[in-house]
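Dear colleague,

Here is the structure I promised to pass on, with the sequence alongside. My notes on what I found in it follow below.

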Amino acid sequence: MTTSFSSSRPGDGGPAPRLRGRERELRTLEALLAGAREGRGGALLVRGEPGIGKTALISAALAGATDLRVTQVRGAECESAFPYAGLHQLCAGLLERLPLLPDPQHAALRVAFGLADGPPPNRLLLAQAVMTLLRESAVDGPLACVVDHAQWLDRASLEILAFVARRCPAAPVALVVAVRGRAAADALAGVAELRLEGLADEAARALLATVLPARLDERIRARIVAEARGNPLALLELYRGVSPAAVAGGLGLVDAGPELTRVERRLLARLRELREPARLLLLIAAAEPEGDPVLLRRAADHLGLGLELVAATGLLSIGERVLFRRPLVRSALYRSAPLCKRRQAHQALVAAIGRCGDPEQRLWHRAHAAVAPDEALAGELERSAARARARWGVAAAASFLTLAAELTPEPGRRIDRVLCAAQAKLDAGAPGAASDLVVVARATPLDELRRARVARMCARIALEVQGTEALPQLLSAAQHLATLDPALARETYVDALGRAIFTSRPCLGDDSPARVTARAAKAAPPAPGVPRAVDLLLDGLVLRFTEGYRAAVPTLREAVRRLLDDTGRANLRWLWFGAQVANDLFDAESGVRLAERQVELARAEGMLTMLPRALCFYARLAAAAGCPDAAAAALDEADSITNVTGAVPWRYSEPYLAAYRGDEVLAMDLVREGAAECGQVQAVRVVHYATALLYNSLGRYPAALAAARSAAEYDDDLGILGLALAEVVEAAARCGEEAIAGDALDRLVERACASGTALALGLAARSRALLSTGATADALYREAVTHLERSGQPLWLARTHLVHGEWLRRANHRVDARASLRPALDAFTHLRADGFATRAHHELLATGEPAGEAPGALTAQETHIARLAADGHTNHEIAARLVLSPRTVEWHLSRIYAKLGVTSRRRLATALPGG
């Protein structure tokens, strides 16, 4: 039994536990807590079966009640025999108020808690003492008493709790008791009861997706939800830890459950007492993933058995679906069955499905019924993998290819299929499973081509898990493939360049990893036939790092165009690289389009290795393009995937988004955490760039200059360098560092002239203007605005209006300054770029124009969010109500706290206007 007592909680104001489908129940609890705030106490009995969400519901309610003092008790079965053990835990954090009690009550509690000797206290006196203690503890503020697992409290404590519950209305005390079973509930008879039932279908499906993000056959998803009967714990625990790569659209779930619990072991022990025909029918029901009663009946008929055999066991019900009474029994039955019995069950299902049934399911069962390698069956599985991929995603294709490899008799052909399966496993977010397959391949005698392909796959796995040996492995594999498979060799060189550019430690000069790798890649064989987009990427990158930026632009621009024109999935792996190249060319529009396409394709195919990275990169580009809500939603999705797959989170976009909003506290917290967590050079560069953006927005130019110079230090960067140079020029110009600004300007102009895009020309003109004076500066600012209006980059356009307005005001052209500063302020406000908005606001005031409310004033949406939060709603509830992502709500709250000068939700009510 444990207890906690606090007047505030760690994480105050942060995201609350997410609940799904419990809005009505949460409102009931919140009303109880609100009553305590108003001096009207009360008690509520929260009742439901194990796993139904009693504890989660109470935690969510308390997360929005940071102004209440809370004492919590958790019943423990091992203490249920000790009188007053539960009562002691309830009162332990309140004993400083004990001297305030009348002497008889004081003495009764001390004896009951073993603090003094004496005869057993009168039970009524003891109950009165507890009530008095709670009332005295609520003098300084309302008190919430939470008792979880009350069914395990000792009987004496339970009776006194019932006494207290009926008298809570007389004091600002809210008592919440969570219980399962009838005995404890009967002891609390008369207390208002909140009965928790199973989740509704929609909420159950959403909850299942948090632990099983892979694509599922809709019929199988419906069976899982129905079998769990809306129990959140069943939905969460059934497939927690199951690799998405093992799901196979749902067909593989039966063999992918967690370790058996004691309950499941007891149920399996009961099975041994059943007759063999009943056990076989139960096994067939377990192996059939949809819970289709027609298929089960046909399988039983095929074996000459009657369904009454399984109905009599009480382990399943047969209605619209075949549902096991306990969800884990299905996988427990299957995994505990001998292999020969599994094969017999799958063979019966093959007969039941017939040739007119679902072809992929029939093939799946045929493969699991096979007793020996079979090339014809393996070939069918290989061909079916493409259909499975289109239907359920890459994880399903990986499972079909793995089965095909296992059933292939000829060693060479088996290795080919193993490598295809390993690539699919890698794409599905299972590098460990891919590595296991490659271990099998390496143990087989191989010809030279297959040995090179295996080496390449090992290198690609190392690349995904951020192994230090990936780059030399990739180069070695590319060199071996050069004469054996030129097209694959060129792809491998692109992988190597990606490793060198984005994850290898940089250095200055010709010995940098990118330049060394590019020189090695010059030896790549020419593209066979018409160059593919990846061939153009390779040729352009080699030029970029051997002959310079200007020489590479035409080839890289054509590579980006080819990637944009390819509407299929052939170039999916290169879209992220292409988006980086587009950014390097100052082609922001193409970068966003390529990033969007990669996200769409990776999501559609369940490529869980690639998708989080694509989402995080897209988030950064979306924010820069003026879509902060889309950016926040993308990061939410990326987090949910990495939480399930256990992959290293791609966090480097978060500091950029916080800096974009001018949120210094959050940005610098993320700066300290992001690069260290990710461990990638690209993350470090983005973090430096984000820091420069933040401090330029806040007008803290020396700090901005230091960060921007770090971001722009290496010419080998791809995607950040051009923008970082613009930050260097602005910060250095404001610091009076003309030499530094001039050097950065020269580098920026060289790239801008070679690129020729509206963004490049606008940034070059803007940067030249910052270092110019008089009419020349004014003309350059106006030229920059003209270019940037066509760039699709609203933040850079607004920033240019801002620096132009600042220059005009200092030149005493106040009317013209206002004409530049007003659109800047309007744009920053719309884009939620608060740091820049504050600069624009102050500049407008300096021109003598009333600028309206400062950026620190709450917008209408922020006011709405603040009032909802002050009323106790969680971030997820606010997000659902306003159709935002929870991350967006969290960010709004961070801005609201800063604007109102508060640090937590509990102070919102008094800080808000009219509060």
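Leaving aside residues up to four places away in sequence, A428 touches P244, A245, V394, A395, G606, L608 and T609; please keep in mind throughout that this is a predicted model. A428 lies in the loop between α20 (411-427) and α21 (431-442), and because its relative accessible area is 0%, under the 20% cut-off, A428 counts as buried. From A428 to V889 there are 461 residues in sequence, while the C-alpha to C-alpha distance in space is 31 Å.

I also looked at how two helices pack against α28 (residues 572-584).

For α24 (residues 486-502), the axis comes within 12 Å of that of α28, and the two cross at roughly 50°, which means that α24 is oblique to α28. The crossing of these helices, α24 and α28, is left-handed. On the α24 side the contact involves E491, V494, D495, L497, G498, I501 and F502, which meet R573, W574, W576, F577 and Q580 of α28; by character, the residues of this contact comprise 7 nonpolar, 2 polar and 3 charged.

For α26 (residues 533-546), the axis lies 11 Å from that of α28, at an angle of about 40°, so α26 is likewise oblique to α28, and α26 passes α28 in a left-handed crossing. Here V534, L537, L541 and R544 of α26 make the contact with W574, F577, V581 and D584 of α28, a set that divides into 6 nonpolar and 2 charged residues, with no polar ones.

With best wishes

Note on methods. Residues are numbered from 1 along each chain as its sequence is written. This is a predicted model: local features need pLDDT of at least 70, side-chain atom pairs count only at pLDDT 80 or more; totals for chains, interfaces and linings use all residues. Side-chain values use heavy atoms; hydrogens and water are left out. Axes are lines fitted to C-alpha atoms, for helices over the stretch in contact, and angles run from 0 to 180 degrees between N-to-C directions. Helices (H or I, at least four residues) and strands (E, at least two) are DSSP runs, numbered from the N terminus. Angles under 35 degrees count as roughly parallel, over 145 as roughly antiparallel, 65 to 115 as roughly perpendicular and the rest as oblique. A crossing is left-handed if the near helix is turned anticlockwise from the far one by less than a right angle, and right-handed if clockwise. Contact means heavy atoms within 4.5 Å. Ala, Val, Leu, Ile, Met, Phe, Trp, Tyr, Cys and Pro count as nonpolar, Asp, Glu, Lys and Arg as charged, and the others, Gly among them, as polar. Buried means under 20% relative accessible area, exposed over 50%, partly exposed in between (1.4 Å probe, protein chains only).
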